[in-house]
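Got your viewer open? Here's a short tour, one selection at a time.

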Amino acid sequence: MSWKTLDDMEFKGKVALVRVDINVPVENGQVSDATRIEAVLPTIRHITSAGGKAVLLAHFGRPRGKPVPEMSLAQIRPALEAALGQPVGFAGDCIGLPAKRAVGDLNDGQVLLLENTRFHEGEEANDPEFAAALGALGEIYVNDAFSASHRAHASTEALAHLLPACAGRLMEAEMRALEKALGNPERPLAAVVGGAKVSTKLALLENLVAKVDHLVIGGGMANTFMAAQGREVGNSLCEHGLAENARAILARASETGCRVLLPVDLVVAREFRAGAAHEVVAECPGDAMILDAGPESVAAIKTVFDACRTLIWNGPLGAFEIEPFDRATVECARHAAELTREERLVSVAGGGDTVSALNRAGVAGDFSHISTAGGAFLEWMEGRELPGVAALTAER
Ligand code: AMP
């Protein structure tokens, strides 16, 4: 991989256009979770302390190519200032005169936030003219928005071809971790794929069976596989219509030598609620539903982890939001964390619910890398080239 980082650039006196993902949740006008803001601070600080001017490009919500006041980035500015500990300028448009003036007024070491790039149709259309209007504002392009890089938008793709370009610190961390986990992993390599449905993760499973040595399938999606093998799943969440796809994935796995681990024992209940009466069984009774993997399955998963050097994890192994059906997810996550602490395992996890499941297990900080990228992480697990990443690695 040949791509540049902040360390390859000279920022002194230069205007750096920095694509960030600060599409944070806002409740009653207040940022309710500033994780994404915190995550881009190292990049902004690197540029400002090197004497550069950091001009932030970002989207917020889905305004669909026109200005929508409720989706103004102006409301994110106070949280950004608080996190950075310095004032942040704001321009009411990301191109044209307002943007030019605001950039022109910047001193070295200062930060400017431009209005929502998605207020222009050219952003999502990856329009060259819109990209050129953005590019005219700066001298260096920094992409620190891995989580937006699965979209070929002007601020993530076209712009990267117009200016000397590099990855910001967050982007760099994501790219390095993902390369280490799936691009060029130390083997044996295991993947855990859990969560509700096979339908949302078909492409991901198809890619993984060709690449990993062990595939642990858990959560609701394991039911679809078990049903496809003729096992009883009772009232469990199950996509019976995908039986053929599930069998094709298992067949492909046996061709590639990928060992698939499905639950060998099951935690079943009659109701989907916390504390519901439950039992551990080998086969699901017709009137019950599978809500978690049982202790033998957990032991088997831990044995797989013990034998591996690298682990990629997406999706919980059971209905982890309701106790006690979080047990398999929590126990396996803790084991992976322990192996990671002992430097026996490189562990990478990502995808919305996975992060909250690992937080619940109290081990998110112990994994080698937790991706906060959501959709981009899943597309990467599907083996797709992310346009924003490809643009950074392109020959110039
Ligand atoms: P996903 O967003 O596809 O990763 O799915 C996560 C969701 O799957 C969580 O809300 C879990 O509660 C749910 N889930 C996992 N296992 C089961 C199961 N056996 N039955 C019902 N829901 C499940």
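Buried here means under 20% relative accessible area, with exposed over 50% and partly exposed in between (1.4 Å probe, protein chains only). This is a predicted model, so local features need pLDDT of at least 70 and side-chain atom pairs count only at pLDDT 80 or more, while totals for chains, interfaces and linings use all residues. Residues are numbered from 1 along each chain as its sequence is written, and side-chain values use heavy atoms, leaving out hydrogens and water.

Start with Trp313 and Phe367, both buried. Rings of Phe, Tyr and Trp (its six-membered ring) pair if their centres lie within 6.5 Å; planes under 30 degrees apart are stacked, over 60 edge-to-face, and the rest tilted. That rule yields 3 aromatic pairs. With centres 6.3 Å apart and planes at 65°, Trp313 and Phe367 are edge-to-face. Add Phe305 to your selection: ring pairs join Phe305, Trp313 and Phe367 into a cluster.

Next, pick Phe377 and Trp380, which are both buried. Their ring centres sit 5.5 Å apart with planes at 40°, so this pair is tilted.

Keep Trp380 selected and bring in Leu114, Phe146, Leu208, Leu215 and Phe225: these six have the most contacts inside the largest nonpolar core, which has 78 residues. Such a core is a set of buried Ala, Val, Leu, Ile, Met, Phe, Trp, Tyr and Cys residues joined through side-chain atoms within 4.5 Å.

Last stop: a second, separate core of 28 residues, where you can select Ile76, Val88, Leu113 and Cys166, among others.
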